[in-house]
Amino acid sequence: ISILELVLEKIGQGNVTLNDSVIITGSTTFTSGIVNSSNGKELIFQDNAGYTGASNTSFVNGPVKKVGDDAFVFPVGRNGFYAPASITAPLLPTDEFSAQYFNTRPHDAGYDTTQHDLSIDHLSRSEYWLLNLVIGTSSPKVTLSWNTNRSGIVNALLDLRVARWNGTTWKDEGNGGTTGSNDAGTIQSLNNI
């Protein structure tokens, strides 16, 4: 299904579950309600497509794909928490990335948090994202978000790092800069990933 413009405005706590992939070629407005997606039934933003309004009451619970050479903030979340992750601009308009948020310990999902670079003190005990390059060869910088309500306490912004699971070990991708405060903010990777 290809849609030029989508407005998500469910009354109350309504959800929309995708039975097929929905391709956005223009814009999406998240006003209220959650989009439940799954593998093979994603919300897909084409090159130059975007959205407005994502929040704790309106986001995508499940995978989101982005095709194109634009920087993009993935409107992902879970269990009442909007938890955006973003990438800098990929190289080609055909590059495709997929992102999904999980508000559970990465260790519980099989990503062993005891295996990490020595430069990493510890990993999140409450959340992680799956961000995958689906098509292409781009290596953008990645920005992740935190909020004390979902992420726990952040008390040393300069010590934060973006960590990447390489299949056996969590790799330190550095701190390319933070925004916000101990209560809420973002961190960008120092490295292109």
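Let me begin with one residue, serine 32, which touches Leu8, Glu9, Lys10, Thr57 and Ser58 when residues up to four places away in sequence are not counted. Serine 32 has its place in strand E3, which covers residues 22–32, and with a relative accessible area of 16% this serine is buried, because buried means a value under 20%. Before I go any further, I should say that what you have in front of you is a predicted model, and that is worth keeping in mind throughout.

Let me step back to the whole chain. The secondary structure of the protein comes to 19 strands and 1 helix, and the C-alpha atoms fill a box of roughly 45 × 40 × 30 Å when it is taken along the principal axes. How does the radius of gyration of the protein compare with that of a compact globule? For 193 residues, a compact globule would have a radius of gyration near 16 Å, and the protein has 16 Å, so the two agree. Of the 193 residues, 42% are buried, and if we take the contacts with a separation of 6 or more, 49% of them are between residues 24 or more positions apart.

Now to the largest pocket. Rolling a probe the size of a water molecule over the atoms shows where empty space is left. In the largest pocket that space comes to about 1,300 Å³, and 42 residues line it, with Leu123, Leu144, Arg161, Val162 and Ala163 lying nearest its centre. Which elements give two or more residues to this lining? They are strand E14, residues 128–135, strand E15, residues 142–147, and strand E16, residues 163–165. The largest share, 6 residues, comes from E14. If we sort the lining by class, we find 25 nonpolar residues, 11 polar ones and 6 charged ones.

Strand E14 gives us a good place to look at a single side chain, since leucine 131 lies in that strand. Leucine 131 counts as partly exposed, at 29% relative accessibility, because partly exposed covers the values between under 20% and over 50%. Apart from its neighbours within four places in sequence, leucine 131 is in contact with Phe74, Ile87, Phe97, Ser98, Ala99 and Val142. Glycine 80 lies 51 residues away from leucine 131 along the chain, and the C-alpha atoms of the two are separated by 20 Å.

If we follow the chain past E14, we come to serine 138, in the loop between E14 and E15. Is serine 138 buried or exposed? Its relative accessible area is 5%, so it is buried. With neighbours within four places in sequence left aside, serine 138 is in contact with Pro90, Leu91, Leu92, Asp95, Phe97, Leu133 and Ile193. Two of these partners deserve a closer look. The side chain of serine 138 is joined to the side chain of aspartate 95 by a polar contact of 2.2 Å, and a polar atom of the serine 138 side chain lies 2.7 Å from the backbone nitrogen of leucine 91.

Another buried residue is tyrosine 82, in strand E11, residues 81–82, with a relative accessibility of 18%. Its side chain makes a polar contact of 3.5 Å with the side chain of tyrosine 51. Beyond its neighbours within four places in sequence, tyrosine 82 has contacts that include Ala54, Phe59, Val73, Pro75 and Arg150. Valine 162 is 80 residues from tyrosine 82 in sequence, and the distance in space, C-alpha to C-alpha, is 19 Å.

I would like to finish with the backbone. Most residues other than glycine have a negative phi. Asparagine 48, however, has a positive phi, near 70 degrees, and asparagine 79 also has a positive value, near 50 degrees. Where do these asparagines sit? Asparagine 48 is in the loop between strand E5, residues 43–45, and strand E6, residues 50–52, while asparagine 79 is in the loop between strand E10, residues 77–78, and E11. Asparagine 48 is exposed, with a relative accessible area of 61%, and asparagine 79 counts as exposed at 59%, because the word applies to values over 50%.

Conventions: Residues are numbered from 1 along each chain as its sequence is written. Side-chain values use heavy atoms; hydrogens and water are left out. On a 1 Å grid over the protein atoms alone, a cavity is a set of points where a 1.4 Å probe fits but cannot get out, and a pocket is an open set with protein on both sides within 12 Å along at least five of seven lines; lining residues have an atom within 4 Å of a point. Grid points are joined across faces, edges and corners, and a volume is the space filled by probe spheres set on the points. Helices (H or I, at least four residues) and strands (E, at least two) are DSSP runs, numbered from the N terminus. Ala, Val, Leu, Ile, Met, Phe, Trp, Tyr, Cys and Pro count as nonpolar, Asp, Glu, Lys and Arg as charged, and the others, Gly among them, as polar. Buried means under 20% relative accessible area, exposed over 50%, partly exposed in between (1.4 Å probe, protein chains only). A polar contact is a pair of N or O atoms within 3.5 Å; within protein, one must be able to donate a hydrogen and the other to accept it, and residues adjacent in sequence count only if both atoms are side-chain atoms. Contact means heavy atoms within 4.5 Å. The radius of gyration is taken over C-alpha atoms; the globule rule is 2.2 Å times the number of residues to the power 0.38.
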